[in-house]
Amino acid sequence: MTLPHPTADQITLSNVLVALGDPTRLAIVGYLARRAGRPTMCLNFTDFGSKTNISYHLAKLREAGITRTEVSGTSRLITLRRDDLDIRFPGLLDSIITAAVDLPMVKKIEDAEEEALAQGEAR
């Protein structure tokens with residue numbers, strides 16, 4: 001199964017800005033940026049809201065051309081489309097990421113991951 005994504009030429013500034021106008025989507029982008037290109041599963045975002053809500057936000061980011069979603073069995077792997085966005089709008093993503101990586105929602109999910117790792121190591 002393949003999900004539809006806009007081509008690089010179809011990514012518009014207005015769609016990108018509208019998608020990033022939501023704090024949850026902005027936090028998702030900040031979190032993905034901190035992961036430095038490593039694919040992230042949808043379940044990593046459940047601290048941001050319900051599964052239905054996160055699915056909605058991830059679809060909006062994908063439809064705007066900000067993220068790429070790869071289907072892997074029953075999982076979805078999410079990555080930023082950094083190269084496409086940098087070509088279309090040089091410097092825009094870097095400016096957005098600078099603001100997004102320090103959002104409290106991003107810190108919350110990173111703290112939860114660190115706690116889960118620490119508990120796993122303690123066993």
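1. Thr79 counts as buried, with a relative accessibility of 17%, the cut-off for buried being under 20%. Thr79 is found in strand E3. Setting aside residues up to four places away in sequence, Thr79 touches Leu32, Gly37, Arg38, Pro39, Ile66, Thr67 and Arg68. Two of these partners, Ile66 and Arg68, come up again below.

2. The model is predicted, and the confidence figures should be read with that in mind. The protein has an average pLDDT of 85, and 95% of the residues score at least 70. Confidence varies by element: helix H1 (residues 13-19) has the highest mean pLDDT, 95, whereas helix H6 (residues 104-122) has the lowest, 72. Points that rest on H6 therefore deserve a second look, pLDDT being the predictor's confidence in each residue.

3. An unreviewed UniProt entry carries the annotation "domain: HTH arsR-type" for residues 15-94. In the model this span is 51% helix and 18% strand. The C-alpha atoms at the two ends of the span lie 17 Å apart.

4. Which residues touch the most other members of the largest nonpolar core? They are Leu20, Val29, Phe45 and Ile66, in a core of 29 residues. Two or more residues each come from H1, helix H2 (23-34), helix H3 (51-64), strand E3 (75-80), H5 and H6. H2 gives the largest share, seven residues. In soluble globular proteins, nonpolar side chains tend to be buried together.

5. Ile66 has a long contact list, again without residues up to four places away in sequence: Val16, Ala19, Leu20, Val29, Leu61, Thr79, Leu80, Arg81 and Leu85. Leu20 and Val29, on that list, are themselves among the core members that touch the most others. The list also includes Arg81, which is taken up under the salt bridges.

6. Helix H3 has 14 residues and spans 20 Å from its first C-alpha to its last, close to the 20 Å expected at 1.5 Å a residue. Its buried residues are Ile54, His57, Leu58, Leu61, Arg62 and Ala64. These buried residues pack against H1, H2, E2 and E3.

7. Lys60 is also in helix H3, but is partly exposed, with a relative accessible area of 32%. Apart from neighbours within four places in sequence, Lys60 is in contact with Ala19 and Arg25. From Lys60 to Leu20 the C-alpha distance is 9.3 Å, although the two are 40 residues apart in sequence.

8. Gly65 follows H3 and has a positive phi, near 90 degrees. Gly65 sits in the loop between H3 and E2. Is this loop residue buried or exposed? At 0% relative accessibility, Gly65 counts as buried. Leaving out neighbours within four places in sequence, its contacts are Pro6, Ile11, Arg81 and Leu85. Arg81 and Leu85 also appear among the contacts of Ile66. The C-alpha atom of Gly65 is separated by 19 Å from that of Thr98, 33 residues away along the chain.

9. The count of salt bridges comes to four. One of them joins the side chains of Arg68 and Asp84, at 3.9 Å from N to O. Arg68 lies in strand E2 (residues 67-72) and Asp84 in helix H4 (residues 82-88), so this pair ties together parts that are 16 residues apart in sequence. The cut-off is within 4 Å, and a reader may wish to note the 3.9 Å value with that in mind. Arg68 is partly exposed, at 28% relative accessible area.

10. Asp84 also meets Arg81 in a salt bridge, at 2.7 Å from N to O. Arg81 counts as buried, at 5% relative accessibility. Arg68, Arg81 and Asp84 are thus part of a linked network of salt bridges.

11. A further salt bridge pairs Asp94 with Arg82, the closest N and O atoms being 2.9 Å apart. Asp94 lies in helix H5 (residues 92-100) and Arg82 in helix H4, so the pair ties together parts that are twelve residues apart in sequence. Both partners are partly exposed: Asp94 has a relative accessible area of 40%, and Arg82 one of 30%.

Notes. Residues are numbered from 1 along each chain as its sequence is written. This is a predicted model: local features need pLDDT of at least 70, side-chain atom pairs count only at pLDDT 80 or more; totals for chains, interfaces and linings use all residues. Side-chain values use heavy atoms; hydrogens and water are left out. pLDDT is the predictor's confidence in each residue, from 0 to 100. Helices (H or I, at least four residues) and strands (E, at least two) are DSSP runs, numbered from the N terminus. UniProt positions are given in the numbering used here, feature names are shortened, and annotations may be inferred rather than shown by experiment. Buried means under 20% relative accessible area, exposed over 50%, partly exposed in between (1.4 Å probe, protein chains only). A nonpolar core is a set of buried Ala, Val, Leu, Ile, Met, Phe, Trp, Tyr and Cys residues joined through side-chain atoms within 4.5 Å. Contact means heavy atoms within 4.5 Å. The expected span of a helix is 1.5 Å times one less than its number of residues.
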